[in-house]
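Reader: I am new to this structure and would like to learn how to read its features one at a time. Could you take me through them slowly?

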Amino acid sequence: METVSINLVIKNAPTPIAIVDTKLNFISYSDEWSTTFTIDQKNLVGKGLFEIIPKTCVVFARAIESCLKGVENINKGEKFNLSNDETKWLKWKISPWKNSESVLTGLIIFLEDITEEKRELELLHKAESVAKIGSWEVDLSKNKVYWTKTTRDIHEVEDDFAPDLEEGINFFKKGPHREKITELVSLAIEKGKPWDTEAIIVTAKGNEVWVRAQGEVEIFNKKVRRLFGTLQDIDKRKKADFEYKRISERLKLAKRTAKIGIWEYDVENNQVLWDSNMYALYGIHKKNFSGVYDAWKSCIHPGDQKKRNTEMQKAISGEKHFDTEFRVLWPNGQVKHIRAIAKTIKNSSGKTTKLIGANWDITELKRTQIKLERNKSSFVKTFDHSIVGMAMVDLDGKFIKVNKSLSKSLGYSSKELEKLTFQELTHKKDLPKDLESLNKILHQKHESYQLEKRFIHKNGNFVYVILTSTVVKDLDRNPIYIIKQILDITDKKEAEIKFRESAERLNVATRVAKIGIWDYHLKDNRVECNDNMYSIYDLPKTSITVLDEWLQRIHPLDIDDVKKALELTILNKSPFNINFRGIKPNGRQLHLAAFGEAQVNKEGEVEKIIGAILDITELRRTELKLERNIEIFTETFDNTAMGMALVGTDYRWLKVNKSLSRSLGYSEEELLQIKTTDLTHPDDLEKSHSLHLSTFDGKKETYQIEQRYFHKDGHLVHGILGVTSVKDLYGKPTHTITQFLDITERIEAEKKLKTLVAVTKSQNDSLLNFAHIVSHNLRSHSTNLTMLANFLVKEKDEKERKNINTMITNAVQSLSETISHLNDVVQVKTGALQNLKSVSVLNTILNIQKSIGGVLEEQGAQLNIGVSKLHFVNAVPAYLESIFLNILTNAIKYRKAERSPVIDIKSVSKEKTILLQFSDNGQGIDLKRHGNKIFGMYKTFHKHKDAKGIGLFITKNQIEAMEGSIKIESTVNEGTTVFIELKKG
């Protein structure tokens with residue numbers, strides 16, 4: 001009976017109520033529930049709750065789960081998307097239903113439809129948002145402030161932001177705006193006075209916004225209890241008003257300043273109305289003007305009347321807009337040039353009834369145009385005959401016009417240059433800086449720029465120049481072309497380069513040779529020096545007056561020369577450079593070389609001298625020993641019956657003797673132009689290459705191998721090579737000493753061969769011992785060699801100085817060249833991560849497209865670029881350009897002869913990387929055959945005269961140096977796709 005009563009109560013309940021069991025199946029429900037949620041369902045008993053109520057409301061589903069654990073749940077409102085595509089807002093109370101033994105048997109669910117209430121609230125918020133009008137309320141008794149969402153949006157604060165009254169007022173801009181709103185709020189609180197004002201607020205994000213603030217008061221027991229009102233964003237309207245006023249003022253000012261005359265011509269009534277400026281433009285008094293068209297026409301210069309009358313008639317007929325120039329003849333005989341424009345006014349039938357226009361004086365403009373033509377003529381003459389190279393270049397870098405001086409500097413005729421771009425002739429390392437500066441002037445950040453750069457001469461040499469680029473703009477300030485002035489400083493630059501190289505060698509010598517470095521401060525007569533200075537003179541490091549002790553240790557016969565040299569350096573700012581003798585505390589005499597430079601302050605006064613001192617005593621003693629060692633090596637190298645050579649790390653012959661030249665049939669000059677690998681039998685290359693590398697990576701110092709070379713006449717020369725590596729002071733290999741024993745004639749005689757091998761081994765062992773000695777001596781005296789090249793230039797014995805300079809300069813140059821080559825090899829990895837920058841993929845590809853535009857056009861190549869301008873990668877700019885350039889030129893180089901090259905470039909953004917895809921329709925690569933060596937050094941896969949097998953090797957190393965990856969997919973005769981993945985920039 002009790003259950004029947006409960007069901008009856010629930011059934012007739014005015015709100016949706018349902019009872020479900022622990023499996024969420026309906027036990028009982030109200031008619032309102034059925035009406036609200038189920039149109040077609042007549043009996044819900046036994047059906048599941050979520051068959052009727054979709055689980056789209058996650059909060060409701062979680063509330064059900066919570067109640068099944070015995071916890072009551074109440075919610076003030078959530079949105080439901082019902083199964084009948086209807087959206088409702090419902091609030092609920094869900095209570096656990098337990099039996100008499102307190103065991104959970106189900107849930108009682110109360111739902112109340114609050115859709116209309118929520119919909120009205122949403123519409124209110126929408127209206128606020130559209131009108132940008134927010135509401136606010138202040139409870140003065142609790143100092144509580146309530147803002148609607150639109151009010152918070154206007155202030156650019158978070159949705160949960162809840163200010164107090166003071167914080168709300170402080171959003172108004174400090175100064176008059178905040179003072180005004182503070183006063184209005186105070187008056188409202190004290191006297192119940194409402195307000196309506198406009199002011200500026202500063203949002204939470206720092207933006208200034210004009211708002212209209214309205215406030216009302218609520219009074220209880222004669223005391224203001226509550227403030228409420230609205231806040232409207234009127235920033236756009238307010239700024240538009242300011243802009244309108246500004247433009248209006250400017251128009252008035254422009255009319256006054258430019259003396260623009262406004263006129264109106266009533267066509268039907270033949271009436272002409274002028275403002276005051278029109279009379280001034282035509283040089284007549286208002287009383288002398290009858291105000292009809294003929295009166296106006298009579299003011300026009302007789303030579304222009306017919307033209308102006310025709311143009312007026314065309315404007316009236318609608319054939320042409322009235323926009324013309326003509327002359328007016330003043331009563332005093334003066335002639336003025338006038339520019340006139342007008343707008344036609346038509347009636348409902350389309351007939352012109354009125355023209356309203358403006359006139360202004362362009363007499364000065366006409367005079368300026370004449371001057372401009374004269375200046376243009378002068379510019380052309382200056383351009384053509386200037387001793388400085390000059391060029392007009394379009395915005396894409398193409399030469400429009402060049403003068404004779406530029407053609408002479410670059411070695412191209414003017415016609416040849418006009419087919420090229422400056423990018424094609426610019427050294428690739430100088431191009432980024434040039435393009436960056438050019439971009440700035442094109443975007444009006446600068447009017448011009450000047451920089452030092454290198455062009456490439458037609459013969460391949462570098463041309464050093466000082467480039468001045470100035471942008472030329474049209475009347476709208478839009479760039480139209482660039483004038484480039486190119487001052488050729490090649491001779492000066494080459495001299496500077498030689499000087500820098502000498503200076504660098506000096507720096508190396510200073511560090512390695514323990515040269516004493518000193519700073520002489522003139523102001524307080526004080527010397528600072530490094531530890532080497534103390535060691536050279538045997539001075540205690542606790543010395544306070546280093547200058548005095550230094551001067552005391554100079555030989556008495558040399559002290560005056562040293563002081564005089566210092567005085568001249570201070571007086572003339574000339575270099576300090578002198579050789580003198582020093583005396584140690586034990587009486588031992590030293591030979592010293594000192595040099596220095598004056599350092600000046602902002603006023604140009606010498607404030608200190610920075611210099612160095614070198615003990616050259618041992619240098620003089622070892623001079624003769626050094627000569628003898630070099631003579632012994634040279635005699636052994638040149639006169640031995642066995643072939644000998646010095647071979648660089650890049651397989652190039654650095655020096656060969658006569659015996660080796662005879663064995664291979666080439667002259668010494670011919671061998672120095674080729675590599676050892678060019679003459680090596682292909683079957684011997686891999687083993688030879690492996691052993692060669694092992695000597696340079698420190699695994700081997702020497703090795704012996706039987707190897708075959710091709711003679712100049714084509715036959716094979718069999719030989720036994722004994723190879724020993726030579727290292728610099730830092731233990732880095734610089735080259736190898738190679739001994740070549742020709743065994744061609746005795747290759748088939750086993751006994752003789754063994755004898756020869758034994759002899760070779762013996763000789764090689766001797767050579768190894770000798771090489772160790774030479775290597776040791778070179779390491780021991782390389783510093784002396786460098787110092788000799790720099791400090792013995794004042795040697796008085798001319799013959800001795802000439803011999804020493806020749807030998808030492810050659811040795812230093814050889815060492816510098818080898819170090820330079822090593823630096824090129826290791827530079828891909830060294831320091832790459834420190835040079836990473838955020839680089840635009842699209843800009844890099846477009847720059848390369850420009851640089852190889854001639855090749856693309858010549859081959860009829862189609863380049864499809866699908867790269868987003870938003871894609872940036874973390875890369876070394878020079879590496880990225882090199883990688884893209886190598887891939888694109890490979891696609892053209894290995895194209896199919898019967899079809900034009902098509903190259904597709906795409907970019908895809910991943911979570912932390914950018915994936916680049918280069919696809920072509922070229923010859924393709926047989927990956928089954930060559931896949932495991934695709935990125936190997938000197939590996940080629942097509943017969944092409946320019947194939948070197950180094951491009952992909954370098955590309956892979958560059959990509960991996962930037963922490964990226966590369967892979968290749970290819971099908972023979974169909975094409976190749978290269979995938980490159982780099983970190984996002």
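**Reading the model step by step**

Author: Let us start from one residue: D396 sits in the loop between β16 (389-393) and β17 (399-402), where helices (H or I, at least four residues) and strands (E, at least two) are DSSP runs, numbered from the N terminus. This is a predicted model, in which local features need pLDDT of at least 70 and side-chain atom pairs count only at pLDDT 80 or more, while totals for chains, interfaces and linings use all residues. Residues are numbered from 1 along each chain as its sequence is written, and side-chain values use heavy atoms, with hydrogens and water left out.

Reader: Is D396 buried or exposed?

Author: Buried means under 20% relative accessible area, exposed over 50%, and partly exposed in between (1.4 Å probe, protein chains only). With a relative accessible area of 51%, D396 is exposed. From C-alpha to C-alpha, D396 and Q423 are 9.1 Å apart in space, and they are 27 residues apart in sequence.

Reader: How many helices and strands are in the protein chain, and what percentage of its residues is buried?

Author: The protein chain has 33 helices and 37 strands, and buried residues make up 40% of its 985 residues.

Reader: How should I read a single helix, and which residues of α4 are buried?

Author: The general idea is that an α-helix has 3.6 residues a turn, so residues three or four places apart point the same way. In α4 (residues 58-67), the residues F60, A61, A63, I64 and C67 are buried. They lie on the same side of α4 because they cover an arc of only 160° around the axis, the arc being that of the directions from the helix axis to the C-beta atoms. The face turned away from the buried side of α4 carries the exposed residues R62 and E65. Among the elements that cover the buried residues of α4 are α3 (49-52), β3 (73-81), β4 (87-98) and β5 (104-113).

Reader: What is a nonpolar core, and which residues touch the most other members of the largest one?

Author: In soluble globular proteins, nonpolar side chains tend to be buried together. A nonpolar core is a set of buried Ala, Val, Leu, Ile, Met, Phe, Trp, Tyr and Cys residues joined through side-chain atoms within 4.5 Å. The largest here has 38 residues, of which F884, L888, I905, F918 and I980 touch the most other members. The element that gives the most to this core is α31, with eight residues. Taking contact as heavy atoms within 4.5 Å, L888 touches I848, I852, L863, I903, I905 and F918, not counting residues up to four places away in sequence. A second, separate core of 26 residues includes Y265, M278, I284 and L355.

Reader: Which residues are closest to the centre of the largest cavity?

Author: On a 1 Å grid over the protein atoms alone, a cavity is a set of points where a 1.4 Å probe fits but cannot get out, and lining residues have an atom within 4 Å of a point. Grid points are joined across faces, edges and corners, and a volume is the space filled by probe spheres set on the points. The largest cavity holds about 240 Å³ of space. Of the 17 residues that line the largest cavity, W136, W147, G168, I169 and F172 are the closest to its centre. For the lining of the largest cavity, α7 gives the most, with three residues.

How values were computed: 1 Å grid on protein atoms, 1.4 Å probe; cavity = no way out; pocket = protein on both sides within 12 Å on 5 of 7 lines; lining within 4 Å.
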